Every structure is written in structure tokens, then in C-alpha cells.
Amino acid sequence: MDPPENYSGFTRNHSTMALRIHSTTDTLVMISYLLLVLVFGLWAVLSSSRGTVKDFFLAGQNLSWWLMGISNYSANISSGHFMGLAEIGAASGIAVGAFEWNTIFMFFVLGWIFVPIYSKAEVVTLPEYLRKRFGSLRIQLCSSCFFLLLYIFSRTSMEIGFGAMFLKMVWDTDIYQTMLVVLTITGMYTITGGLTAVAYVENLQAGIMIVGSVLLMCYVFREVGGYRGLVKKYFQAIPSKTQEGNWTAKTQCYMPRPDAFHIFRSAVSGDIPWPGLVLGATTVSLFYGCADQVSVQRFLAGKSRLHMKGGCLLYGYLKLLPMFLMVMPGMISRILFPDQVACVVPSECQKFCGRQTGCSVLAYPVLVIGVVPSGLKGFMLSTVCASVMSSLTSIFNSSSALFTLNIYTWIRPTATEKELMVAGRFFVIILFAITVVWVPIIEMASSETLFEYMQVLKSCLTPSMTAVFLLAVFCKRVNEQGAFWGLIFGTSIGIVRLLAEFFYGSETCEEGSKCPMLICSLHYLYFGFLLFLITLLIVLAISLATKPIPDRHLHGLCWSLRNSRQRRVALEKEMRWTMFPSATFQQGMFGETQSCFWKSWDLFCGLDKQSNSKIGPEIATEEKIKASWEQMGSSGMPADLEALARKTATRKEEEHTEKMRDWSSMPESLLWKRVVNAVGILLFALLILVHIYFA
């Protein structure tokens with residue numbers, strides 16, 4: 001099939017295809033978008049309260065349902081979705097879209113089960129919940145490091161990889177400078193504004209993403225004659241060249257899959273087998289729906305339980321869209337440009353995309369440059385940039401919360417709330433610096449296989465964490481020893497498989513997989529579910545062989561004790577961690593001296609101008625402060641620190657009652673409760689219908 005008349009052609013440029021946009025209109029649209037984000041971000045910063053832990057990381061627990069739902073959609077729909085879903089859709093059909101639908105079920109579990117438990121635990125981050133649930137500092141620190149490494153090496157690398165690759169393909173500009181401008185604008189409201197500013201800007205980004213992708217979908221469906229035209233023409237989308245010299249490509253390498261329009265495929269020969277989709281993908285979805293800091297943090301910031309449920313449902317409705325906005329347009333791309341998107345001859349693929357094993361990664365970029373008219377091309381650039389910026393801001397804000405409230409408070413247990421705010425913002429600056437360094441590294445990597453690599457990474461690393469959180473909530477018999485060693489052993493097994501996949505490379509149609517059968521013979525979705533079961537068994541076996549945790553320490557932290565009205569006794573293990581010898585607890589640090597620099601910093605970050613001696617995020621007891629001081633080798637505590645400890649201990653009981661929110665006792669409107677339940681039932685019914693229709 002001939003490409004559309006406005007198709008501008010392909011030229012080889014280094015290792016990627018260059019699709020050049022020289023239109024002044026498109027460039028002006030892109031610049032206008034960046035200025036709009038900057039202005040809107042600064043407005044969100046100046047209009048939000050951001051001087052406390054609660055304000056900066058939980059938006060003052062004042063987010064409405066629509067802010068939470070749209071913000072979560074924007075945070076989780078990345079450039080990898082635009083590029084990766086279209087790529088796999090072009091190569092194998094609609095089954096990959098079921099991954100997005102699978103996540104919706106998990107957000108029912110999040111809104112109705114997990115978030116109420118986390119709220120009762122009075123936490124900001126998920127590692128804090130594990131420490132309160134098991135009384136273990138080591139599991140808190142290990143899980144915090146796990147999340148941070150996962151975000152830096154998984155989400156951040158995927159965002160940079162796909163974002164840089166898309167910009168390189170469709171915009172004739174310097175990628176490093178462009179990404180630097182995007183990161184600078186992103187940092188201006190992320191560092192200073194906290195979750196409130198991030199959530200408002202993400203809503204703007206989500207609107208741009210949805211409008212842009214809907215426009216592209218309308219254009220491409222018109223090109224093929226609607227859904228019926230897609231079904232008819234997809235199976236005819238075959239490249240014109242399938243042999244070179246004496247070499248002939250295998251038929252299955254260039255022919256569309258016969259099950260391309262089915263999400264449930266053969267358990268043996270399917271590229272996404274149905275048992276793996278039902279079991280393995282559900283395990284990964286359960287992590288990202290219920291045990292992922294980025295997703296959960298926004299719902300912990302909700303005004304009430306009813307708003308949290310409404311946000312989960314709105315996010316669920318929006319997650320129905322990627323199948324139609326990204327996967328199916330990717331399939332249409334194969335119809336319109338079969339020689340490029342479905343190329344199979346190594347020399348041809350090398351000419352189009354610099355990769356000899358296929359160019360399905362071009363699926364979304366060729367639609368933007370070949371189908372969309374001038375002017376809207378710039379808007380589509382803005383759409384993908386919006387996905388990059390929103391995903392990075394959510395990662396940075398959540399990573400800052402993880403570091404500040406779990407790792408920094410371990411280093412400095414007597415840190416003031418103001419000091420925590422300074423540390424959190426500096427950590428975001430460090431993350432931006434790391435991201436800038438990542439850009440040229442990821443740009444040189446094989447970005448075409450990033451999405452597949454990320455799916456394997458999720459299946460290898462997240463099941464063990466999913467098992468720990470699931471048992472922590474639903475099985476009160478599980479104790480610290482079982483959870484910690486189950487997490488360690490499960491993650492170790494996953495790392496072995498991941499390293500093998502990374503070392504031997506991904507499977508190709510012509511050559512298959514080079515990874516040893518003993519390690520990689522099991523499909524990664526099957527492996528993920530098996531790893532989940534292994535971790536469950538390890539956690540349960542060790543827990544049953546050791547002492548249980550008394551119920552008095554678990555009130556409100558487990559499903560069976562969620563409605564308990566008894567006062568929970570904090571569980572503190574006798575674990576002594578050596579503090580850094582260089583750590584000091586001098587008064588006047590981080591701005592209390594009110595120097596010119598710190599006054600400017602306070603104004604920039606919206607911090608309270610008065611000295612704040614409040615301990616956060618969790619009130620330190622007198623015994624903990626004394627123990628920390630003794631571990632540092634001091635014979636006695638200073639008088640001012642001892643007085644602070646006594647004052648804190650006397651205030652602890654009343655602050656627990658007055659400051660913290662008891663979600664179970666908050667009144668809910670009966671009318672709106674029924675509306676939310678009805679909307680939830682409708683969403684569940686829609687999910688069942690689309691699964692049946694595309695099964």
C-alpha cells in the first residue's frame with residue numbers, strides 16, 4: 001500500500017531513521033507548549049502550600065478525586081507506552097493492550113483494600129508501612145533502596161530512551177540540548193512545588209496527551225477505513241522484500257500473527273500466553289497497583305476515602321484508552337508503511353532504523369510524520385514530551401519521599417521538618433543531575449528493545465515485593481524474619497534471571513534465544529508468577545518457624561484487624577544500626593541562622609520563615625534519641641537535646657490523636673457512596689465485556 005501523499009520520506013541518519021520536521025508552525029507549537037507548562041507550573045508552585053512534609057509529599061492530603069485519577073494516569077502513561085505499545089501492536093497485535101486493562105482490576109483492590117490500610121498506618125511511603133508492620137528498620141531500608149534502584153534503572157532509563165529516540169526521529173534538533181531544556185522546565189516546579197504542583201501540572205499534561213493521541217487515532221483510522229478496515233488490511237500488511245541473495249526470511253517473521261486480534265493466546269506457542277497474562281501479568285499489575293510508591297502516594301494524598309475510590313475509578317476508565325490510542329494505531333502503522341515497520345531483510349532494516357532485527361519501533365513516529373498534517377505534528381511532539389515530563393516528575397517526587405523519610409531520617413533521626421524539606425529538594429536536584437548524565441548513555445544503547453526489556457525486568461524484580469506486601473496486609477501471622485528473608489531470596493532469584501536475559505540478549509525471530517534453557521526456557525510471565533509463589537512459600541515457611549507478632553502491635557495494619565478500635569502499641573525491634581560518625585546535631589543548621597542564602601532558599605521553596613524544631617516525619621522517642629546519641633560514642637546527651645526528648649515524649653500521645661486521621665471514622669455521603677459504587681460496577685462490567693469481545 002502506498003503511503004499517504006503527505007508522507008515526507010525516510011533517510012538514514014547514524015543509527016536511527018531521521019524523519020525531519022522543518023515546519024516553523026510545528027516548532028512554534030512545541031515552544032508554546034513548553035512555555036505553557038512553565039507558566040502553569042510556576043502558578044501551581046505559588047498557589048500551593050509546600051513548607052511541611054505533609055504539604056510537600058502528600059499535598060496536604062487535600063487532593064480531589066479528579067486530581068488523583070488524572071494525575072495517576074499522566075504519571076503512569078509514559079513515552080514508553082506511546083512507543084512500546086505501538087511497537088508491539090504492530091509486530092503481534094492487540095494482546096499487549098490487555099496489560100493495561102489488567103491494571104484496572106488491581107486499582108479496585110488498591111482503592112477498597114490497600115489504601116485504607118496504609119492510611120490507618122499513618123504513613124507517607126510504603127517502606128514506612130513495612131517498618132510499622134514488622135518493626136524492622138532493615139526491611140524499611142532495603143525496600144527503600146529497592147524502589148530507588150527500580151525507578152532509576154527502569155522507569156527513568158525507559159523515559160529517557162524512548163523520549164530521546166522519538167525526538168531524534170521526528171524533530172531535526174540536538175537531542176541532548178532538547179532534553180536539557182525539558183528537564184530544566186520540569187525541575188523548576190518539581191523541586192519547589194512538591195506533590196501539589198506536580199499533580200496540577202500532570203493534569204495539564206494528561207489533557208494534552210489524551211487530545212493529541214485521540215487526534216492521531218482519528219486520522220489513522222480514517223486512512224484504513226475504521227476498525228473493519230484495520231481487521232481486513234492488517235493481515236495483508238507484508239513487506240515487499242523478504243529475501244536477499246540466497247537468504248530467505250522465515251514466514252512467521254514477516255507474516256502477521258493469525259491471533260493478532262485476540263488477547264488470550266496459546267499457552268504454549270503464544271507470544272503472550274493466556275495463563276501468563278492471567279497470572280504473571282496480574283502479579284506485576286498488583287505491584288504497580290498496590291505496592292508502588294508512585295501510584296499509592298497520590299491516593300494517600302486524597303481528601304477522604306470516597307475521593308480515593310473515585311480517583312481509582314477515574315484512573316481505571318482512562319486506562320481503557322491505551323488499547324485504542326496506542327496499540328491499534330501501531331497496527332495501522334504496519335498497514336500504511338509495511339516496508340518500513342514490518343521490514344525483515346537485515347540490510348533493509350539497517351537502512352530504515354539502524355537495527356537488523358526489525359523496525360517495528362518506528363510504528364508511532366512514522367504515523368506522526370506521515371499521516372498528521374503540519375501544525376499537528378508539533379502538537380504530537382508536545383504530546384510525547386508531556387508523557388516524558390509527567391512521568392519524570394512523578395518519579396522524582398516519589399523518590400525524594402523515599403529517600404527523605406526512610407534513609408535520611410535514619411542518618412539523622414533528630415532532623416527538623418525544615419531540614420527534611422531541604423534534604424528532599426536537594427535529592428531531587430541530584431536525581432535531575434543523574435538523569436542528565438543518563439541521556440547520552442541511554443541514547444547510545446539499543447533503545448528499540450527497551451520496552452521488552454522493561455517487561456522482563458518487572459517480571460523478575462517485582463513479584464517478590466508483591467508477595468511481601470500481599471502477606472503483610474492479609475496474613476497477620478507473617479513476621480519480620482519471614483518477610484525480610486523472603487524478599488532477599490526472591491529478589492536474588494529474579495536478579496539471576498534478569499542478568500542472564502541482559503547478558504545473552506533478547507530473543508529474535510530468526511535466531512531465537514541464546515540464553516541457556518535451564519535459566520530462560522520459561523516465559524518471563526510464567527517466571528514472574530513462579531517467583532511470586534516461591535517468595536510466598538519462603539515468607540510463610542520462615543514465619544511459621546519463628547515467633548508471631550502479638551495482635552497488640554498490628555491493630556489497623558492488617559486486613560483482619562482493620563476495624564479494631566484498640567490502641568496499637570508500636571513495634572520496635574531491638575536493632576542497633578551504627579550512625580555515621582560524622583553526623584552532628586548542631587542547632588542552627590539548614591537555615592535556622594537566617595543567612596541571606598537561607599532566606600532566599602526559604603522564599604524559593606515556600607518554607608516557614610520561623611525556625612521549626614518539629615521532629616518528623618515520625619516523632620522520635622526519648623529512648624531512641626538517647627540510644628542514637630550513645631551509639632555515636634558520646635558519654636552524655638546535651639541538655640537541650642535531652643529537654644527536646646522529654647518534651648517530645650510527653651506530646652506523643654496527644655499528637656497521635658489530634659494530628660493523624662482515622663479514615664474509618666470519617667463520614668461519607670450516602671448518595672455519593674452509592675454513585676461511586678455504581679460507577680465501579682459499570683467499570684467492572686466494561687472490563688468483562690472488552691475481555692470477552694477481544695478474547
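These exercises work through the helices, cores and cysteines of one predicted model.

Local features need pLDDT of at least 70, and side-chain atom pairs count only at pLDDT 80 or more, while totals for chains, interfaces and linings use all residues. Numbering runs from 1 along each chain as its sequence is written, and side-chain values use heavy atoms, with hydrogens and water left out.

**Exercise 1. The chain overall**

Task: State how many helices and strands the chain has, and what share of its residues is buried.

Solution:
1. Take helices (H or I, at least four residues) and strands (E, at least two) as DSSP runs, numbered from the N terminus.
2. The chain has 27 helices and four strands.
3. Call a residue buried under 20% relative accessible area, exposed over 50%, and partly exposed in between (1.4 Å probe, protein chains only).
4. Of 695 residues, 59% count as buried.
5. Now turn to contacts, meaning heavy atoms within 4.5 Å. Among those with a separation of 6 or more, 85% link residues 24 or more positions apart.

**Exercise 2. The cores**

Task: Identify the residues of the largest nonpolar core that touch the most other members, and the helix that gives the most to this core.

Solution:
1. A nonpolar core is a set of buried Ala, Val, Leu, Ile, Met, Phe, Trp, Tyr and Cys residues joined through side-chain atoms within 4.5 Å.
2. The largest has 199 residues; Tyr-33, Leu-110, Tyr-118, Tyr-129, Phe-147, Leu-230 and Phe-469 touch the most other members.
3. Helix α8 (residues 175-224) gives the most, with 20 residues.
4. A second, separate core has five residues, among them Ala-249, Cys-253, Val-344 and Val-345.
5. Look closer at Tyr-129. Leaving out residues up to four places away in sequence, Tyr-129 touches Ile-117, Tyr-118, Ala-121, Val-123, Phe-469, Ala-472, Val-473 and Leu-557.

**Exercise 3. The sides of α9**

Task: Find the buried and exposed residues of helix α9 (residues 226-234), and say what covers the buried ones.

Solution:
1. The buried residues are Gly-229, Leu-230 and Tyr-234.
2. Take the directions from the helix axis to the C-beta atoms. The buried residues cover an arc of only 115°, so they lie on the same side of α9.
3. Arg-228 and Lys-232 are exposed on the other side.
4. The cover over the buried residues includes α4 (79-92), α8 and α14 (322-336).

**Exercise 4. The geometry of α14**

Task: Check the span of α14 and locate its kink.

Solution:
1. The expected span is 1.5 Å times one less than the number of residues.
2. For the 15 residues of α14 this gives 21 Å; the end C-alpha atoms are 20 Å apart, which agrees.
3. The bend is the angle between axes fitted to the seven residues ending at a residue and the seven starting there. α14 has a kink of about 25°, centred on Pro-329.
4. Of its 15 residues, 14 are buried.

**Exercise 5. The cysteines**

Task: Locate the disulfide, then classify Cys-218 and Cys-385 by accessibility.

Solution:
1. Search for pairs of cysteine sulfur atoms within 2.5 Å. The structure holds one disulfide.
2. The disulfide joins Cys-343 to Cys-349, with S to S 2.2 Å.
3. The angle about the S-S bond is 125°, and the link is right-handed.
4. Both Cys-343 and Cys-349 are buried.
5. Cys-218 has 46% relative accessibility, so Cys-218 counts as partly exposed.
6. Cys-385 has 3%, so Cys-385 counts as buried.
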